[in-house]
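Visitor: I have a chain open in front of me and would like to go through it with you. Could you take my questions as they come?

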Amino acid sequence: MNKHEDIIRKIQERLSTLSKSERKVAEAILADPKTTIHSSIAKLAARAQVSEPTVNRFCRSLIGSGFPDFKVSLAQSLATGTPYVNLNVEPDDAPGAVTAKIFEAAKNNLTRAQDILPEALISRAVDVLAQARRIEFYGLGASGPVAKDAHHKFFRLNMPVVAYTDILVQRMAAAGSHSGDAIVIISYTGRTLPLIETARVAREAGATVIGITNPDSPLTEHCSIVLPIEETEDTDIYTPMSSRIVYLTLIDALATGVLLKRGPEFNAHLKKLKQSVQDTRLPKVEKK
């Protein structure tokens, strides 16, 4: 990474290690990076309520040079679409402002994930899922609904698929798995002990374990394939919000990839499923 790349993410990662005054500078920049690009050092110092030398010291610690170069780095970061999460929701934020921040975070997380997900790994995961004797999705906590959504997407593909969100059931199912089975473990942090242990059990049983998780997490050590989704939210305090959209989108991509491998003749099966639920809906009413 050169000094012009991903500067906002770099600031976020260093927040907890900054001094009190430098943290004020960081928070002022993250609150409004576009304004910072056009600010003088005096204006940024006033906005952060610190001295100008503090601003320069912050910039040098981050990129090795002063405020003018820092603004170039920041502008480059924004211009190349570097995602950042600006979810500093304030108590007096109007509903519209809160909505804008959450939507922006979701869009940025999707962009970030798309940039780092290797196409070769996605293709490999699709091949494994398409050829699997049985597919199982595991998730706990906020990842549980994602596992259930994956079950909803994949069961229509006419293959044995289940989703387990109970720790004990996951452990027993993993122990009973075989070669040819695919177990997909969804974990935002990759640090949930029961899921790590379940992944180990499944690998030892012969299953192919696909982890959708943080690439630097302990869970990856027990996965056959890792589809990396970087952490962008502090889940030690909050439940994952915008990042959940990334997981759901990746599941959609995997399901679509498997569907395409089934070929056009599989459309008749999908049509039959659609027709089976038609009488559960009211007909559309044309607007006049």
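Guide: What follows is a conversation about the fold, the helix contacts and some individual residues of this predicted model.

Visitor: Let us begin with the overall picture. How many helices and strands does the chain have?

Guide: The secondary structure consists of 13 helices and 5 strands.

Visitor: And what share of the residues is buried?

Guide: Of the 288 residues in the chain, 43% are buried. The chain exposes about 15600 Å², and 54% of that area is supplied by carbon and sulfur atoms.

Visitor: What about contacts across the sequence: how much comes from residues 24 or more positions apart?

Guide: Such pairs account for 69% of the contacts in the chain with a separation of 6 or more.

Visitor: Turning to helix packing, at what angle do α9 and α12 pack?

Guide: Helix α9, residues 144-154, packs against helix α12, residues 242-262, at an angle of about 20°, and the axes are 10 Å apart. The two helices are therefore roughly parallel to each other. Their crossing is right-handed.

Visitor: Which residues meet there?

Guide: From α9, the participants are V146, D149, A150, K153 and F154; from α12, they are R244, Y247, L248, I251, D252, L254, A255 and V258. By class, the residues of this contact comprise 9 nonpolar and 4 charged, with no polar ones.

Visitor: You listed L254. Which residue outside that contact list touches L254?

Guide: I122 does: leaving aside residues up to four places away in sequence, I122 touches L117, L227 and L254. I122 and L254 lie 132 residues apart along the chain, yet their C-alpha atoms are separated by 7.4 Å.

Visitor: Where is I122, and how accessible is it?

Guide: I122 belongs to helix α8, residues 119-131. The relative accessible area of I122 is 22%, so this residue is classed as partly exposed.

Visitor: Now α4 and α5. How do their axes cross?

Guide: The axes of α4 and α5 cross at roughly 100° and come within 8 Å. That makes α4 roughly perpendicular to α5. In this contact I41, A42, L44 and A45 of α4 meet E52, V55 and N56 of α5. The residues involved are 5 nonpolar, 1 polar and 1 charged.

Visitor: What lies in the loop between those two helices?

Guide: Q49 is located in the loop between α4 (41-48) and α5 (52-63). Q49 is not a glycine, but has a positive phi of about 60°.

Visitor: Is Q49 buried or exposed?

Guide: Q49 is exposed, since its relative accessible area is 65%.

Visitor: Which residue in the loop between α9 and β2 has a positive phi?

Guide: N158, which sits in the loop between α9 and β2 (161-164). The phi of N158 is near 60°, again in a residue other than glycine. With 52% relative accessibility, N158 counts as exposed.

Visitor: One last topic, G139. Where is it, and is it buried or exposed?

Guide: G139 is in strand β1, residues 134-139. Its relative accessibility is 0%, so G139 counts as buried.

Visitor: What does G139 touch?

Guide: Not counting residues up to four places away in sequence, G139 touches G144, A147, Y164, T165, Q170 and I186. Among them, T165 is 26 residues from G139 in sequence and 5.3 Å away in space, C-alpha to C-alpha.

Notes. Residues numbered from 1 in each chain as written. Predicted model: local features only at pLDDT ≥ 70, side-chain atom pairs only at ≥ 80, totals over all residues. Heavy atoms only, no water. Axes fitted to C-alpha atoms, helices over the stretch in contact; angles between N-to-C directions. Helix = DSSP H or I, 4+ residues; strand = E, 2+ residues; numbered from the N terminus. Parallel < 35°, antiparallel > 145°, perpendicular 65-115°, else oblique. Left-handed = near helix turned anticlockwise from the far one by under 90°. Contact = heavy atoms within 4.5 Å. Nonpolar A, V, L, I, M, F, W, Y, C, P; charged D, E, K, R; others polar. Buried < 20%, exposed > 50% of the residue type's maximum accessible area, 1.4 Å probe, protein only. Areas by Shrake-Rupley, 256 points an atom, 1.4 Å probe, with all protein chains shown as cover.
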